[in-house]
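Colleague: I'd like to learn how to read a model like this one from the ground up. Could you take me through it, feature by feature?

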Amino acid sequence: MSTPRNPIELVDRYLQAVRFWLPKSLRQEDVIAELGEDLRSQIEEKEAELGHPLDATEVSAILKRCGSPMIVAARLGPKQHLIGPTLFPIYLFVLKMVLLWILVPVFIFIIGPVNVAKAGGDWGTALAGTLGDLWSGLFVAAGTITLVFAVIERTHAHASIADKWDPLKLPPVRKQERKTPLMHTACEIFFGFFGLIWLLLLPHYSGLILGPARTFLRIGPIWHTFYVPILLLAIAGLLRSGITLARPQWAWFPRVAELLQAVLSLILLNFMINSALPPAGADWHPFVVLADAAKNSAQYIRVAAIVNASILVSLAAAWLGVCIAVAIQTWQLLGFIRNRTSGAGQPASLHVQ
Amino acid sequence: MYHTVYVTSYMSTSTTTNAEIFENLKLELRRGCLTLAVLTQLRAERYGYTLRKALAEDGLEIDEGTLYPLLRRLESQGLLVSQWREEDKRNKRFYRLSPQGEQILNQLLDEWQRIHTSLSKILQGA
């Protein structure tokens with residue numbers, strides 16, 4: 001970059017650089033003319049003070065003090081943000097909900113298994129494909145959500161959000177010593193009931209679990225051993241939810257019953273895994289077997305092997321999950337007992353005495 | 001409310017030094033005072049540079065990047081009026097308080113007096 005003969009030309013270069021960074025919508029020429037006038041006044045005053053015209057270094061010092069063109073343009077221009085403070089909390093909430101609680105589970109429980117099936121049991125390829133899809137899915141989802149919120153921000157569609165709230169409609173203060181929420185228990189009963197119906201129908205309609213694969217797969221004999229304990233556990237869960245709903249004042253009950261149910265589930269899972277994998281030398285008890293008509297098909301044998309392996313892995317994962325749940329529930333129960341005995345954990349009042 | 005919490009949380013997790021914290025708080029403290037000072041100074045007509053000089057002479061330095069956006073905002077709110085005019089063979093934009101600006105300034109000065117009195121009491125008690 002050449003040093004200009006006329007140092008004042010530096011000011012024009014500077015203003016040109018500032019103009020580049022200013023948004024076009026702003027009254028650019030107005031802003032630039034005003035800034036230019038200010039800088040020329042500073043130079044004029046400095047010249048009067050020193051008694052000679054400023055050289056390039058002295059002009060440069062004045063411009064340097066003013067700040068880099070990009071920063072000056074940012075200060076002179078309107079304050080810009082993609083999503084403002086009013087919408088930001090909602091944006092963050094939606095982003096978390098979609099990415100963590102919808103997209104990731106969909107990939108783990110639906111797209112992942114589909115990719116495994118497509119890859120014909122090649123776990124490495126399936127995992128790489130799923131991670132790649134997940135990565136691009138996260139980007140697309142985050143980008144779309146950001147774009148939608150940016151549009152709402154620009155169109156001022158949120159302008160009334162801040163006013164449209166009613167103190168009377170705020171949710172009641174949650175008690176510290178929390179009883180199991182009504183909605184949670186009602187959902188448990190609802191899904192528990194349909195789960196029980198499903199379990200009761202299962203011996204008669206294997207298609208409920210095997211789907212279209214029932215043409216070449218059958219439920220393995222191992223399930224006959226564990227069907228009744230599973231059924232009893234489901235009934236116990238339904239009863240637990242019913243009692244929790246009927247006796248909300250029994251704060252101890254859901255904690256104790258959930259822990260007990262989790263321990264029983266753990267024992268059952270342990271038995272199932274051990275039964276499926278007997279000691280070395282003994283026969284392995286598959287969860288699904290091939291129908292007579294499909295016993296000689298190499299493709300169906302491979303599919304049956306993948307399904308059996310998937311069920312075993314799922315049971316192992318469930319075992320691990322229940323172990324963690326037992327640890328957490330035990331900890332929570334101990335905390336509950338401690339609070340009960342010490343009298344702590346009473347709801348905190350917000351009232352000023 | 002949420003925005004404030006967010007900013008605070010961000011600052012506490014970053015490597016913010018005491019000097020930076022002080023600078024940020026000083027900026028917050030100065031922001032309202034600058035508006036008051038600018039409106040007061042513009043009871044008499046001035047252009048940007050002479051306004052900056054007048055403020056600096058009274059001990060309130062303000063850079064170009066802060067003053068000009070502030071002037072534009074106050075003008076868009078109807079508190080100032082401006083006019084481009086030639087002076088010393090150069091075009092300059094002169095600002096002065098509008099009648100509405102005069103009213104608002106008087107209200108702000110009353111408020112400032114109240115805050116000043118309260119703060120003095122608080123500081124004396126501290």
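Modeller: We'll go from the overall make-up of each chain to single helices, then to two loop residues and the contact between the chains. Keep in mind throughout that this is a predicted model.

Colleague: Where do I start? How many helices and strands does chain A have?

Modeller: Begin with an inventory. Chain A has 11 helices and 2 strands, and in sequence order they run α-α-α-α-α-α-α-α-β-α-α-β-α. For chain B the tally is 5 helices and 3 strands, laid out as α-α-β-α-α-β-β-α.

Colleague: What share of each chain counts as buried?

Modeller: In chain A, 13% of the 353 residues count as buried. In chain B the figure is 17% of 126 residues.

Colleague: And how do I read contacts between residues that lie apart in the sequence?

Modeller: Take the contacts whose partners are at least 6 apart in sequence, then ask what portion joins residues at least 24 apart. That portion is 71% in chain A and 42% in chain B.

Colleague: Let's pick a helix. What span should H6(A) have, and what does the model show?

Modeller: The idea is to compare an expected span with the distance between the helix ends. H6(A) covers residues 123-155, and at 1.5 Å a residue its 33 residues should span 48 Å; the end C-alpha atoms are 47 Å apart, so the two agree.

Colleague: Which residues of H6(A) are buried?

Modeller: Ala126(A), Thr130(A) and Phe149(A) are the buried ones.

Colleague: How do I read a pair of helices packed together?

Modeller: Look at the axis distance, the angle, the handedness and the residues that meet. Try H1(A), residues 8-21, with H3(A), residues 56-66: their axes come within 9 Å and cross at roughly 30 degrees. Angles under 35 degrees count as roughly parallel, and therefore H1(A) and H3(A) are roughly parallel to each other. The crossing is right-handed.

Colleague: Which residues of H1(A) and H3(A) meet there?

Modeller: From H1(A) you have Leu10(A), Val11(A) and Tyr14(A), and they meet Ala56(A), Val59(A), Ser60(A) and Leu63(A) of H3(A). By type, that contact has 6 nonpolar residues, 1 polar and no charged.

Colleague: What about one residue on its own? Is Arg255(A) buried or exposed?

Modeller: Neither, quite. Buried takes 20 or more other C-beta atoms within 10 Å; Arg255(A) has 19, so it is partly exposed. This arginine is in H10(A), residues 252-276.

Colleague: Which residues does Arg255(A) contact beyond its neighbours in sequence?

Modeller: Setting aside anything within four places in sequence, the contacts of Arg255(A) are Gln329(A), Gln332(A), Leu333(A) and Phe336(A). You can also check a distance: Leu334(A) is 79 residues away from Arg255(A) in sequence, yet their C-alpha atoms are 9.9 Å apart.

Colleague: Now for backbone angles. Which non-glycine residues should I look at for a positive phi?

Modeller: Try Asp88(B), with a phi of about 50 degrees, and Lys89(B), with about 65 degrees. Asp88(B) is in the loop between E2(B), residues 80-87, and E3(B), residues 90-97, and Lys89(B) is placed in the loop between E2 and E3 too. Asp88(B) has 7 other C-beta atoms within 10 Å and is exposed; Lys89(B) has 5 such neighbours and is exposed as well.

Colleague: Last topic, the interface. How many residues does each chain put into the contact?

Modeller: Chain B gives 13 residues and chain A gives 17. On the chain B side, H1(B), H3(B), H4(B) and E3(B) each supply at least two residues, and the largest share, 5 residues, is from H4(B). That side of chain B divides into 4 nonpolar, 5 polar and 4 charged residues.

Colleague: How does H4(B) pack against H4(A)?

Modeller: Their axes are 8 Å apart, at an angle of about 25 degrees, which makes H4(A) roughly parallel to H4(B). This crossing is right-handed. Val72(A), Arg75(A) and Leu76(A) meet Gly65(B), Thr66(B), Tyr68(B) and Pro69(B). The contact of H4(A) with H4(B) has 4 nonpolar residues, 2 polar and 1 charged.

Note on methods: Residues are numbered from 1 along each chain as its sequence is written. Chains are lettered from A and ligands numbered from 1 in the order in which they are written. This is a predicted model: local features need pLDDT of at least 70, side-chain atom pairs count only at pLDDT 80 or more; totals for chains, interfaces and linings use all residues. Helices (H or I, at least four residues) and strands (E, at least two) are DSSP runs, numbered from the N terminus. A residue is buried if 20 or more other C-beta atoms lie within 10 Å of its own, exposed if 12 or fewer, and partly exposed in between; C-beta atoms are placed from the backbone. Two residues are in contact if their C-beta atoms, placed from the backbone, lie within 7 Å. Axes are lines fitted to C-alpha atoms, for helices over the stretch in contact, and angles run from 0 to 180 degrees between N-to-C directions. Angles under 35 degrees count as roughly parallel, over 145 as roughly antiparallel, 65 to 115 as roughly perpendicular and the rest as oblique. A crossing is left-handed if the near helix is turned anticlockwise from the far one by less than a right angle, and right-handed if clockwise. Ala, Val, Leu, Ile, Met, Phe, Trp, Tyr, Cys and Pro count as nonpolar, Asp, Glu, Lys and Arg as charged, and the others, Gly among them, as polar. The expected span of a helix is 1.5 Å times one less than its number of residues.
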